[in-house]
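Work through the exercises below with the sequence and the model at hand. Each task is followed by a solution in steps.

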Amino acid sequence: MSASLLILIPLLPLIGFLINGIGFKTIPKGAVGIIGTLAVVASFVLSLMTFNAFLVAGSQPVIVPLFDWITVGNLNIPFSFQVDQLSLLMLMIITGVGSLIHIYSIGYMHHDEGFGKFFAYLNLFLFFMLLLVLGSNYVIMFIGWEGVGLCSYLLIGFWNKNTNYNNAARKAFIMNRVGDLGFLLGIFTIITTFGSVEYLEVFSQATDFEIGDPVIITITLFLFIGAMGKSAQIPLYTWLPDAMAGPTPVSALIHAATMVTAGIYMVIRSNVLYSLAPSTLEIVGIIGAATALFAASIGLLQNDIKKVLAYSTVSQLGYMFMGLGAMAYSASMFHVITHAFFKALLFLGAGSVIHAMSDEQDIRSMGGLRKKLPITFLTFLIATIAISGIPPFAGFFSKDEILAHVFEHNKLLWVIGVLGSLMTSFYMFRLLFLTFFGTFRGTHEQEHHLHESPASMTIPLVILAVLSALGGFIGVPEALHGTHHLAEFMSPLYDASRQVNPAAFLPTELSHSEEYLLMGVSVAVALVSAVVAYVMYVQKASVPAPDSQPKSALQGLVYNKYYVDELYDNVFVKPIKTLSNILYSFGEFFIDLVVNAFVRLTQFLAGLLKKTQTGSTGDYVFAMVLGMVIILFWKLLL
């Protein structure tokens, strides 16, 4: 495997950022789109070549050292990349889905004044995400981690003339810093414990620890706090729905292929440590289940097309953490992959709808769009079926595998997972029916403007639809007489975990009939929810009431997202603002006091000196003689 080939994978998006970033005012729009997109497509091609080379070489992890980086005492941190099963899978998701989002953006952002700046930011975002997954140690991961945080701030607040968008960007930035503090503490504890941050060295030393060791539990808890922030889990999830303020391709990129998957990646990367800390995994599973159910319930009553998808992302991330809590690392990664396909498709489809509706995002003002936007409708339908877990689409295989593992681990969490699945199917089909079925409910101007999106936007939709439909076949369970290619490919990643906790990796105790029953329950609730949504929003043609109409207490509670934002505002934001204002006023008072004191002292001394300027020659001669006498005595005495 060529080192120069590997370096080019993150380097090309960085070059794209530099070219478009420096010359965004002078480079023509057509060239900007081509430069930005080619940089990522080329990275995708190189990722495929690296994947092929990895398989040919025997699927062994490879460390590619680049240069010596940090040396402090006995601690040495090289700047090097690690190529293994996990980094390769992430590389192909990021560059593959990222390429489609770049192509889509050429059409979606064509009329935007900041076209060049937008592509520069997208390229920079991908550079940091690739750095995050390619690094061979936690410090490089942290650099990429912070880099994607910075880029999300820039992209969420891309239309920075709108104050609300700026506030959303700041919210995402600040809330992620809370999680990052936990991640940093985790890294410091790893350095203290192992004297290294290199994955292979840390995990090798970790095999000497006992299961439940307090130090390992502490490290895994700290790391999980970081994952909670980046992957939007309770209580650090409220930034993600607000991140919809950015352009729709940004939403697709953040929600599907990059930032929010970083937390899942980090836990899977640290699987040895987590396998040694079952109590931490219990917390991971509980928080994941609570997030999955909580966010799904909010999605039931949302009317903004992007907000529904945002809460869906939070909920689906909860499923991934539920899987991690049951040590189903491959199943969670499986859901990361399928989720990347159908969630990118859903967001880009929503962008196509918004594009046709002249920036309208309220599904109460839509309806009947399937005839005007046939490609968008068909691809959106496929993504809806996939995320609802209906076979044989991609989401069925990955979600069902997570639920099966969770059933073996904890029956209560499985019930919560099924309830979340029921809600997911309902709110997604509600979204589909209100948007594409029935009669059009928008204005005449919007109806006149309705049209299918250009090929630059529909081609990525079609490709993602194919992946959403067929992507699940990389992990067909044995019960369905298939082969789980993904689990077999990822298996070597868990060798050290098997060594420290062999009981967690025993074959499933579920019989095939039990697995069929679990699948049947999961599919049945999804189908029933879809039928209920059809009856309500197609047969009865119900439309959600306007905001001006009163709601029941329960509806108001769910519609207002359980008032969590208001709670955070009153508990954290307002007190901190008040304290900041007090400290600001206090500091300003003392600075003014000191400055004014100097001014008055200077004025006083100047007043005294002024009295010596009498204008009399005799006084000046006397002062000069007096001065000479003083100097003479001074010299004599010293």
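**Exercise 1. Overall make-up**

Find what share of the contacts in the protein with a separation of 6 or more comes from residues 24 or more positions apart.

Solution. Residues 24 or more positions apart account for 81% of these contacts. The model is predicted. Its elements are 26 helices and 2 strands. The C-alpha trace spans about 115 × 70 × 50 Å along its principal axes. Of the 638 residues in the protein, 53% are buried.

**Exercise 2. The length of a helix**

Check whether the span of helix α16 agrees with its number of residues, then describe its surroundings.

Solution. Step one is the expected span: α16 covers residues 374–388, which is 15 residues, and at 1.5 Å a residue it should span 21 Å. The rise is counted for one less than the number of residues. Step two is the model itself, where the end C-alpha atoms are 21 Å apart, so the two values agree.

Step three is burial. The buried residues of α16 include Thr376, Phe377, Phe380, Ala383, Ile385 and Ile387. The buried residues of this helix pack against α14, α15, α17, α18, α20 and α23.

Step four is what follows the helix. Gly389, just after α16, has a positive phi of about 80°. In the loop between α16 and α17 lies Pro392, and the peptide bond from Pro391 to Pro392 is cis, with omega near 5°.

**Exercise 3. Two helix pairs**

Decide how α3 and α4 are oriented to each other, and do likewise for α8 and α11.

Solution. Begin with α3 (residues 85–108) and α4 (residues 115–134): their axes are 10 Å apart and the packing angle is about 175°. Angles over 145 degrees count as roughly antiparallel. The pair α3 and α4 is therefore roughly antiparallel. On the α3 side the contact includes Met90, Leu91, Ile94 and Gly98, and on the α4 side it includes Phe118, Phe119, Leu122 and Leu126. Sorted by class, this contact has 13 nonpolar, 6 polar and no charged residues.

Now take α8 (residues 214–230) and α11 (residues 262–269). Their axes cross at roughly 155° and come within 7 Å. By the cut-off already used, α8 and α11 are therefore roughly antiparallel to each other. From α8 the contact has Leu223, Gly226, Ala227 and Lys230, and from α11 it has Ala262, Gly263, Met266 and Val267. The classes here are 5 nonpolar, 2 polar and 1 charged residues.

**Exercise 4. The nonpolar cores**

Which residues have the most contacts inside the largest nonpolar core?

Solution. The largest nonpolar core has 182 residues, and Tyr138, Trp239, Met333 and Met490 have the most contacts inside it. Helix α15 gives the largest share of this core, 17 residues. Another core, of 19 residues, lies apart from it, with Ala292, Ala331, Leu403 and Leu518 among its members.

Next, look around Tyr138. Leaving aside neighbours within four places in sequence, the residues in contact with Tyr138 include Phe183, Ile187, Tyr199, Phe203 and Leu273. Ser270 is also one of its contacts.

**Exercise 5. Backbone details in loops**

Locate Met327, and say whether it is buried or exposed.

Solution. Met327 lies in the loop between α14 and α15. Its phi is near 60°, a positive value in a residue other than glycine. Its relative accessible area is 15%. Buried means under 20%, so Met327 is buried.

Tyr562 is handled in the same steps. Its place is in the loop between α24 and α25. Phi of Tyr562 is near 60°, again positive in a residue other than glycine. At 25% relative accessibility, Tyr562 counts as partly exposed.

A cis bond completes the set: the peptide bond from Ile234 to Pro235 is cis, with omega near 5°. Pro235 is found in the loop between α8 and α9.

**Exercise 6. The setting of His485**

Which residues is His485 in contact with, leaving aside its neighbours within four places in sequence?

Solution. First place the residue: His485 lies in helix α21, residues 485–490. Its contacts, with those neighbours left aside, are Phe473 and Ile474. From His485 to Gly475 the separation is 10 residues in sequence and 5.6 Å in space, C-alpha to C-alpha. With a relative accessible area of 48%, His485 is partly exposed.

Note on methods: Residues are numbered from 1 along each chain as its sequence is written. This is a predicted model: local features need pLDDT of at least 70, side-chain atom pairs count only at pLDDT 80 or more; totals for chains, interfaces and linings use all residues. Side-chain values use heavy atoms; hydrogens and water are left out. Helices (H or I, at least four residues) and strands (E, at least two) are DSSP runs, numbered from the N terminus. Buried means under 20% relative accessible area, exposed over 50%, partly exposed in between (1.4 Å probe, protein chains only). Contact means heavy atoms within 4.5 Å. Axes are lines fitted to C-alpha atoms, for helices over the stretch in contact, and angles run from 0 to 180 degrees between N-to-C directions. Angles under 35 degrees count as roughly parallel, over 145 as roughly antiparallel, 65 to 115 as roughly perpendicular and the rest as oblique. Ala, Val, Leu, Ile, Met, Phe, Trp, Tyr, Cys and Pro count as nonpolar, Asp, Glu, Lys and Arg as charged, and the others, Gly among them, as polar. A nonpolar core is a set of buried Ala, Val, Leu, Ile, Met, Phe, Trp, Tyr and Cys residues joined through side-chain atoms within 4.5 Å.
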